[in-house]
Each structure stands twice: as structure tokens, then as C-alpha cells.
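Subject: Structure for you to look at

Dear colleague,

I am passing on a structure that you have not yet worked with. Please open it first, and then read the notes that follow.

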Amino acid sequence: MSRYINDSLFNKIHRDMPIVYVDIVLKSADNGFLLVKRKEEPAKDKWWFVGGRVLKNESLETAAKRKVLEETCLITESIEKIVEGYELLFREDPFGHGAGTHAISTCFSAEVSDLSSLILDKYHSDFKLFNYVNNQWNTYLKHCLRLAGFKSNDSKM
């Protein structure tokens, strides 16, 4: 039996309830971090973490490792929880139901050493390595990245 639910049912759940998510700050061997560009709402065409919803009976850490593998084909070498229960409210939603997206997210920091095997899934259009936090990014991204040890681009001097 599949642990995934069909899109029609998920659309209804997404419209009416908060969804539990994991996000992962992927740290590279050269002291940078990897972000992916999303193809769907919320945060469409924006740089974001690898991550997604947690499945029934799946631990947060297992979900984080699964999402890294599903979205990038990368294996995490170490993983650490850095933010728990962060509430995100977006006006946009991936289904067009108009009720927005209400996410409760846990953010992890994980190390990956070999980015040469990175292959993006169908939900992302690009990836990029960054060394500094852009002050124009979403507050949640900035919060997680700072807790993962990265500084803002205005603190390079």
C-alpha cells in the first residue's frame, strides 16, 4: 500500500489544514549551501530549501533524508535538527484552491560532499550554491541559514 495520497485528497487536506513539512539546509564541502528554484507555489520561481511534507508514521529525520534523496538524488552524511515548529503562511497554494498554504516546518542542517551526482526532480528548475544569506530572501530561509552558521551578504566586510 502506498504511503502517498492522491492529489485530489491532498488538495482538500491542503485547503483545510496545516501541513507538516521538513526543510533541509544542504551544506557543501566548500562551506556553501545549496538552494533549489521551485516550479510550483508556494514560493514559485524562488530559491528555497530542499524539503516537503512528512508522511504518516514517518519521523521528521527520515522525512528529511527522503526529501533530499527524492529531490536531488543526494545522500546526507550527517543531519541535525535546527528549527522546530516554524509556522509559514503563504497566500499562494499549489492547487489553485485559493486558501493559501499553511505549513508547520522543521528545518534540518545536513552535509553533502559529492554534488556531482545531483539530479533535480520535476518540481525544481535549477539549483545553486550560495555562500551568504541574501537579505531579500524569506524570513524563514534567513533564520534557518543563520542558525546553520551562514552570514548575511552585508556582513562580508
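Among contacts (heavy atoms within 4.5 Å) between residues at least 6 apart in sequence, 69% join residues at least 24 apart. Please keep in mind that this is a predicted model, in which local features need pLDDT of at least 70 and side-chain atom pairs count only at pLDDT 80 or more, while totals for chains, interfaces and linings use all residues. Residues are numbered from 1 along each chain as its sequence is written, and side-chain values use heavy atoms, with hydrogens and water left out.

The chain has three helices and seven strands, taken as DSSP runs (H or I of at least four residues for helices, E of at least two for strands) and numbered from the N terminus; along the sequence they follow the pattern α-β-β-β-β-α-β-β-β-α.

Of the 157 residues, 42% count as buried, that is, under 20% relative accessible area with a 1.4 Å probe, protein chains only. The largest nonpolar core (buried Ala, Val, Leu, Ile, Met, Phe, Trp, Tyr and Cys residues joined through side-chain atoms within 4.5 Å) has 25 residues, and Val 25, Phe 49 and Trp 137 have the most contacts inside it. The elements giving two or more residues to this core are β1 (19-27), β2 (33-38), β3 (47-48), β5 (78-90), β6 (101-111) and α3 (139-147). Another core, of 16 residues, lies apart from it and includes Val 36, Val 50, Leu 74 and Ile 79.

With kind regards

Notes:
Buried means under 20% relative accessible area, exposed over 50%, partly exposed in between (1.4 Å probe, protein chains only).
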